[in-house]
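User: I would like a close look at one part of this model. Please keep it brisk and tie the details together.

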Amino acid sequence: EGTGLLHQMKGEWFDTVSNCVTFTIASAKKDPSRKPAVELFRHTIVRLMSLCHGSALEEISGMSGTLEIIDVTGLNSATLKHLKDCVDNHKFN
């Protein structure tokens, strides 16, 4: 049952990211000047979901090591600081 739930979680997060990317297609086509901002949003949402999925798997497994995730250096410093604060202050993985 646990494996099935992990696959369900992965599928739901994948669907969420897919929907977010799909919803931005019209925005990028309607106004080409928004394309850089749309691409930044897409890259950010994919990186955040990769981080969420890796953190969830790490939490469930109880492993102390880190799992491979998509390039967190692509996230801005404010986002990385917020994520670090969540770990340090709230013990949230």
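How many salt bridges does the structure hold? Take me through the pairs around helix H3, and on to helix H4.

Analyst: This is a predicted model. The structure holds four salt bridges. Three of them are described here, among them the pair Glu39 and Lys35.

Start in helix H3, which covers residues 35-61. Here the side chains of Lys35 and Glu39 form a salt bridge, with N to O at 3.9 Å. The cut-off is 4 Å, so a pair must have its nitrogen and oxygen within that distance to count. Why can these two side chains face each other? Lys35 and Glu39 are four residues apart in H3, so about one helical turn separates them. Lys35 is partly exposed, at 44% relative accessibility. Glu39 is partly exposed as well, at 35%.

Stay in H3 and move along to Arg47. Its partner is Asp71, and the closest N and O atoms lie 3.4 Å apart. This pair reaches out of the helix: Arg47 sits in H3, but Asp71 belongs to the loop between H3 and helix H4 (77-90). The two residues are 24 apart in sequence, so the salt bridge ties together separate parts of the chain. Is Arg47 buried or exposed? Arg47 is buried, with a relative accessible area of 14%. That value falls under the 20% limit, so the label applies. Asp71 is partly exposed, at 38% relative accessibility.

Beyond that loop comes H4, which spans 77-90. Within H4, the side chains of Lys84 and Asp88 meet in a salt bridge, at 2.7 Å from N to O. Lys84 and Asp88 are four residues apart in the helix, so about one helical turn lies between them. Asp88 has a relative accessible area of 37%, and counts as partly exposed.

Now return to H3, because it also contributes to a pocket lining: H3 and helix H1 (2-23) each supply at least two residues to the second largest pocket. That pocket holds about 210 Å³ of space. Its lining includes Lys10, Trp13, Phe14 and Val17. Val46, Met49, Ser50, His53 and Ile70 also belong to the lining. By class, the lining has six nonpolar, two polar and one charged residues.

To put it together: H3 holds the Lys35 and Glu39 pair, and Arg47 in H3 pairs with Asp71 in the loop before H4. H3 also supplies at least two residues of the second largest pocket's lining.

How values were computed:
Residues are numbered from 1 along each chain as its sequence is written. This is a predicted model: local features need pLDDT of at least 70, side-chain atom pairs count only at pLDDT 80 or more; totals for chains, interfaces and linings use all residues. Side-chain values use heavy atoms; hydrogens and water are left out. Buried means under 20% relative accessible area, exposed over 50%, partly exposed in between (1.4 Å probe, protein chains only). On a 1 Å grid over the protein atoms alone, a cavity is a set of points where a 1.4 Å probe fits but cannot get out, and a pocket is an open set with protein on both sides within 12 Å along at least five of seven lines; lining residues have an atom within 4 Å of a point. Grid points are joined across faces, edges and corners, and a volume is the space filled by probe spheres set on the points. Ala, Val, Leu, Ile, Met, Phe, Trp, Tyr, Cys and Pro count as nonpolar, Asp, Glu, Lys and Arg as charged, and the others, Gly among them, as polar.
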